[in-house]
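This report covers side-chain pairs and helix packing in one protein chain. The sequence and structure come first.

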Amino acid sequence: MKNNIDDINGWLYHRIRMCIWKQWKKPKTKVRNLLKMGVPEDLAHMAGNSRRGHWFTTHTVAVNMAMTKERLINSGFYDLATAYQSVHVNY
């Protein structure tokens, strides 16, 4: 069950990153927000001006560097692995 929870958790955080990326509609907004999150300028411009799809772009280094799992948890998103661990002692 632990592997299933980890797989679902990874997919869930990828999906959250994609939804946030989709909300930043214009490339200028994407670049500006990535720069605010501490991504180097060249990576921010490459990711923000990418014409690949939302799902593909959220696999890039720049987006994963900006929206880490810890940052998303601190923003209020839920972590399934932690919840599962609190319920099951032998995790």
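In this predicted model, the count of aromatic pairs comes to two. One of them joins Trp11 and Trp55, a tilted pair with 6.4 Å centre to centre and 45° between the planes. A pair of aromatic rings is described by these two quantities, the distance of the centres and the angle of the planes. Trp11 belongs to helix H1 and Trp55 to helix H4, so the pair ties together parts that are 44 residues apart in sequence. Trp11 is partly exposed, at 48% relative accessible area. Trp55 is likewise partly exposed, with a relative accessibility of 33%.

A charge and a ring also meet in this model: the charged end of Arg52 sits over the ring of Phe56, at 3.7 Å from the ring centre.

Side chains of opposite charge can pair when their charged atoms come close. The structure holds one salt bridge. Its partners are Lys69 and Asp79, whose closest N and O atoms are 3.6 Å apart. Lys69 lies in helix H6 (residues 69-74), while Asp79 lies in the loop between H6 and helix H7 (80-87), so the salt bridge ties together parts that are 10 residues apart in sequence. Asp79 has a relative accessible area of 10% and counts as buried because the cut-off is under 20%. Lys69, at 32%, is partly exposed.

Both partners of the salt bridge also touch Asn9, a residue of helix H1. Leaving aside residues up to four places away in sequence, Asn9 touches Lys69, Asp79, Leu80 and Ala81. Asn9 is buried, with 3% relative accessibility.

The accessibility values of the residues discussed so far are listed below.

| Residue | Relative accessibility | Class |
|---|---|---|
| Asn9 | 3% | buried |
| Trp11 | 48% | partly exposed |
| Trp55 | 33% | partly exposed |
| Lys69 | 32% | partly exposed |
| Asp79 | 10% | buried |

Helix H2 spans residues 27-36, and its buried residues are Lys30, Val31, Asn33 and Leu34. Which helices do the buried residues of H2 pack against? They pack against helix H1 (2-23), helix H3 (41-48), helix H4 (54-57) and helix H5 (61-66). Two of these packing partners, H1 and H4, carry the tryptophans of the tilted pair: Trp11 is in H1 and Trp55 in H4. After H2 comes Gly38, which has a positive phi, near 95°.

Notes. Residues numbered from 1 in each chain as written. Predicted model: local features only at pLDDT ≥ 70, side-chain atom pairs only at ≥ 80, totals over all residues. Heavy atoms only, no water. Buried < 20%, exposed > 50% of the residue type's maximum accessible area, 1.4 Å probe, protein only. Helix = DSSP H or I, 4+ residues; strand = E, 2+ residues; numbered from the N terminus. Contact = heavy atoms within 4.5 Å. Phe/Tyr/Trp six-rings, centres within 6.5 Å; stacked < 30°, edge-to-face > 60°. Lys NZ or Arg CZ within 6 Å of the ring centre and 35° of its normal. Salt bridge = Lys/Arg side-chain N within 4 Å of Asp/Glu carboxyl O.
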